[in-house]
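Thank you all for coming; I would like to take a few minutes to go through one model with you, chain by chain. Please have the sequence and the structure in view while I talk.

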Amino acid sequence: MILVTVGTQIPFDRLIALVDDWISETGTKQEVVAQVGSSDYSSNNMTVCQSVEPEQFEKYIADCDFIISHAGMGSILTALRVKKPIVIFPRKAALGEHRNDHQLATAKSFANVDGVYVATTKEELFSLLSNSSNLGGGGGEDSNDYKQLLSNMANILEHSSS
Amino acid sequence: MKRRKILAIASPGGHWVQLCRLIPAFSESDVVYACTYNKASELSDDDNYYVIGDISRDSMQRIFSVISGIIKILKKEKPTIIITTGALPGLITILLGRFYGIKTIWLDSIANSEKVSMSGKIASYLAHNCFTQWEGLADERIKYVGRVI
């Protein structure tokens with residue numbers, strides 16, 4: 001199963017329509033579940049829902065082979081947590097898809113992270129989706145940066161007692 | 001000495017997921033969580049959890065109910081530390097926390113890789129501690145102490 005998710009704030013039909021086109025073009029037999037936000041997008045190619053309850057979302061995350069998502073931190077960190085590959089496609093402010101272009105910055109900064117695959121065009125997206133069996137998941141061992149954060153935070157909290 | 005009690009608060013999505021990455025650092029403290037949607041899967045039934053209204057720069061109409069919701073939590077739980085990963089409701093909580101004399105910590109989202117968020121910049125003047133997750137963005141008021149990945 002492929003999980004497509006774009007968060008709940010603003011719709012991102014450009015990505016949903018591209019995935020829809022890719023399914024039509026390739027005739028993939030893989031089941032696709034798409035969480036589309038406040039959009040009335042509908043398609044015979046996939047199961048479409050506006051939002052997903054946290055419990056059901058965990059189930060989808062556990063069951064899917066990989067995730068296609070906007071370049072949102074929630075999706076990326078969740079994919080790393082469950083060690084599933086994630087293809088991210090950033091929103092663009094110029095197309096009214098977000099308040100600003102921070103998703104382009106996110107895509108740039110996560111391009112080298114294991115398990116995170118960036119597409120910014122239809123061609124890049126289709127090529128990643130058509131080779132999805134080669135995509136590996138990320139999120140192995142805890143990084144030193146993360147261990148450092150936890151010990152620093154614990155330390156700061158320790159010394160913040162009033 | 002009063003036992004340490006943390007109020008950990010964040011908006012849904014990436015903000016919340018990043019806050020949850022900090023949970024292992026809370027093991028020596030009592031913790032109360034607050035988020036703007038249903039109980040998140042990262043928490044267990046034993047966790048103390050509040051739901052608050054969501055607001056952003058584009059939707060301010062609920063700001064007074066959000067403020068009164070946060071004040072209720074502060075009065076009832078009497079946290080000694082507030083920690084937030086954003087966004088706007090977290091910033092408001094830091095401001096309110098200062099009025100109540102509570103220690104406040106802001107961790108800017110790792111999504112802000114090229115510049116610290118507007119809320120983070122404001123938090124750097126309001127919060128006792130303000131952190132970025134990008135070493136290159138650190139300055140006198142906003143420090144780098146590690147990151148969630």
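Among contacts in chain A between residues at least 6 apart in sequence, what percentage join residues at least 24 apart? For chain A that value is 55%, and I should say at once that we are looking at a predicted model, so please hear everything that follows as computed from that prediction.

Let me stay with chain A for a moment. Its secondary structure comprises six helices and six strands, and, if we read from the N terminus on, these elements follow one another as β-α-β-β-α-β-α-β-α-β-α-α. The C-alpha trace of chain A spans about 60 × 35 × 30 Å along its principal axes, and 38% of the 162 residues in this chain count as buried.

Now to the interface, where 28 residues of chain A are in contact with 32 residues of chain B. On the chain A side, the elements that contribute two or more residues are helix 2 (54-63), helix 3 (73-81), helix 4 (102-110) and helix 6 (144-158), and of these it is helix 6 of chain A that gives the most, with 10 residues. Sorted by class, this side of the interface holds 12 nonpolar, 13 polar and three charged residues.

Turning to chain B, we find an open sheet of seven strands with parallel pairing, in the order 3-2-1-4-5-6-7, and its edges are strand 3 (48-51) and strand 7 (143-144) of chain B, each of which pairs on one side only. Within that sheet, strand 4 (residues 81-84) of chain B runs parallel to strand 5 (residues 103-107) of chain B and is joined to it by four bridges; B:Ile82, for instance, has B:Thr104 in strand 5 as its bridge partner.

Helix 2 of chain B lies across strand 1 (5-10), strand 2 (30-35) and strand 3 of chain B, and runs at about 165° to strand 1. Helix 2 (residues 63-77) also packs with helix 3 (residues 88-99) of chain B, at an angle of about 55° and with the axes 10 Å apart, and the two helices of chain B are therefore oblique to each other. Their crossing is right-handed. From helix 2 of chain B, the residues involved are B:Val66, B:Ile67, B:Ile70, B:Ile71 and B:Leu74, which meet B:Pro89, B:Ile92, B:Thr93, B:Leu96 and B:Gly97 in helix 3 of chain B; by class, this contact has eight nonpolar residues, two polar and no charged.

Notes
Residues numbered from 1 in each chain as written. Chains lettered and ligands numbered in written order. Predicted model: local features only at pLDDT ≥ 70, side-chain atom pairs only at ≥ 80, totals over all residues. Axes fitted to C-alpha atoms, helices over the stretch in contact; angles between N-to-C directions. Parallel < 35°, antiparallel > 145°, perpendicular 65-115°, else oblique. Left-handed = near helix turned anticlockwise from the far one by under 90°. Contact = placed C-beta atoms within 7 Å. Nonpolar A, V, L, I, M, F, W, Y, C, P; charged D, E, K, R; others polar. Pairing = 2+ DSSP bridges. Buried ≥ 20, exposed ≤ 12 C-beta atoms within 10 Å, placed from the backbone.
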